[in-house]
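Hi,

Here is the structure I promised to pass on. Have a look at it first, and my notes follow below.

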Amino acid sequence: MTDETHHVRRSCRAMLRAGCLTIGLLGMAHAQDRGTWTQPQEPFRIFGNTYFVGTRGLSAVLIASPTGAVLIDGAVRESAANIASNITAVGVRLLDVRLIVNSHVHSDHAGGISELQRRTGATVAALPWSAQVLRDGRKDRRDPQYETSTPPAERVARVRTVHDGQVLHAGDVTITGHQTAGHTPGGTTWTWRSCEADRCLDFVYADSLTSVSADGFRFSDSRTYPEAIDDFRSGFAFLRTVSCDILLTPHPEASGFWDRIARRDSGQRDALIDRAQCARYADAGDAQLRRRLDAERGQ
Ligand SMILES: [Zn+2]
């Protein structure tokens, strides 16, 4: 559970205005959103050594080199086999995946990690709060969605704790983790550079920025996660200034990914590139947080 809650609430709000009943809507929105989470997707090259190996509804990104590869996110547990076969389909041996990292530990992005670790032998690296949740395989009270979220399916075996701004290497791949928390206390954005011939582009895999929670949690005065607002704001500030040629997000639709891919496939060679998109993504998260805080003040 995650951003799904956000989508559900948004569609509920829209449809409640039209006079619909909440209960029926919740069921419908759930079915709709989850539908694409496990829908198989043919893997493909995004640019250079960066590949999309996820499902239609959940991103998993592979950065490859002749001496080792990095996988970002593992979708839900039941898609792990599908992601593994996507990795081999783009020509990377599972044993060459040395490192697995994660956007945030909700089950739709971390559920497949333990199985993918078993199949690849990779080390998992995460910021301290996320690393602990992955090791424990249990959700933590600091998560704004604690009451409703599903933890990663299983405990993850080898989890290395890294810090904000740490540069990681796997073979010839270099990737940096940046704390962009708030959605969870361990939310992480990953950055790297991919090249094709003499053209290099800066990738940003930005974590979810949605300020959604279980009922009863308040971002404005939480006792379990009092840093939530500050965390969100420093994440927004980071994303407004990071060098960003191509934005990717854990939920592809959150950054219009499929639309951009369709435009590229129809001949717009640079349809994926938009150097202002990370800042707009941060602005949208910021606006949502402001609305959320306004609503909490009114309660
Ligand atoms: Zn989430």
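Start with the open sheet, bearing in mind that this is a predicted model. The sheet has seven strands in the order β1-β2-β3-β4-β5-β6-β7, and the pairing is mixed. At its edges sit β1 (44-47) and β7 (159-161), each of which pairs on one side only. Going from one strand to the next, the twist averages 30°. Helix α8 (residues 257-265) packs on this sheet, where it touches β1 and β2 (50-52), and its direction makes about 90° with that of β1.

If the word "mixed" is new to you, strands of a sheet pair through backbone hydrogen bonds, and they can do so either parallel or antiparallel. You can see each kind around β4. On one side, strand β3 (residues 61-63) and strand β4 (residues 69-72) run antiparallel and are joined by three bridges. Val61 stands opposite Ile72 in β4, and Ile63 stands opposite Val70. The hairpin of β3 and β4 has five residues between the strands, and Gly68 takes a positive phi there, near 160°. On to the next neighbour: β4 and β5 run parallel, with four bridges between them. One pair to look for is Ala69 with its bridge partner in β5, Val97.

Is β4 covered on one face or on both? Both faces are covered, with Ala69 and Leu71 on one side and Val70 and Ile72 on the other, all of them buried.

Next, have a look at α3. Its buried residues are Ala80, Ile83, Ala84, Asn86 and Ile87. Seen down the helix axis, these residues fall within an arc of 160°, so they line one face of α3. That fits the general picture: an α-helix has 3.6 residues a turn, so residues three or four places apart point the same way. What do the buried residues of α3 pack against? They pack against β3, β4, β5 (97-101) and α5 (113-120). After the helix comes Gly91, with a positive phi near 95°.

Ala80 deserves a stop of its own. It is found in helix α3 (residues 80-89). Its relative accessible area is 0%, and since buried means under 20%, Ala80 counts as buried. Leaving out residues up to four places away in sequence, Ala80 touches Gly112, Glu115 and Leu116. Ala80 and Thr38 are 42 residues apart in sequence, and their C-alpha atoms are 9.7 Å apart in space.

Now for the metal. Which residues are the protein donors of the zinc ion? They are His104 (through NE2), His106 (through ND1) and His183 (through NE2), lying 2.1 to 2.3 Å from the ion. Along the chain, the donors follow the spacing H-x1-H-x76-H. His106 and His183 link distant parts of the chain, 77 residues apart: His106 is in the loop between β5 and α4 (107-110), and His183 is in the loop between β9 (173-179) and β10 (188-196). His106 has a relative accessible area of 1%, which means that it is buried, and His183 is buried as well, at 0%.

Last, the disulfides. A disulfide is a covalent bond between the sulfur atoms of two cysteines. How many are there here? The count comes to two, and with the bonded cysteines counted along the chain, they follow the pattern 1-2, 3-4.

- Cys195 and Cys200 are joined with an S to S distance of 2.0 Å. The link is right-handed, with 105° about the S-S bond. Cys195 is partly exposed at 36% relative accessibility, and Cys200 is partly exposed too, with a relative accessible area of 34%.
- Cys244 and Cys278 have their sulfur atoms 2.1 Å apart. Their link is right-handed, with 70° about the S-S bond. The pair links distant parts of the chain, 34 residues apart: Cys244 is in the loop between α7 (228-241) and β12 (246-248), and Cys278 is in helix α9 (residues 277-297). Cys244 and Cys278 are both buried.

Have fun with it!

Definitions and conventions:
Residues numbered from 1 in each chain as written. Predicted model: local features only at pLDDT ≥ 70, side-chain atom pairs only at ≥ 80, totals over all residues. Heavy atoms only, no water. Helix = DSSP H or I, 4+ residues; strand = E, 2+ residues; numbered from the N terminus. Buried < 20%, exposed > 50% of the residue type's maximum accessible area, 1.4 Å probe, protein only. Contact = heavy atoms within 4.5 Å. Pairing = 2+ DSSP bridges. Axes fitted to C-alpha atoms, helices over the stretch in contact; angles between N-to-C directions. Disulfide = S-S within 2.5 Å. Arc of directions from axis to C-beta. Donors = N, O, S within 2.8 Å, 3.2 Å for Na, K, Ca; no water.
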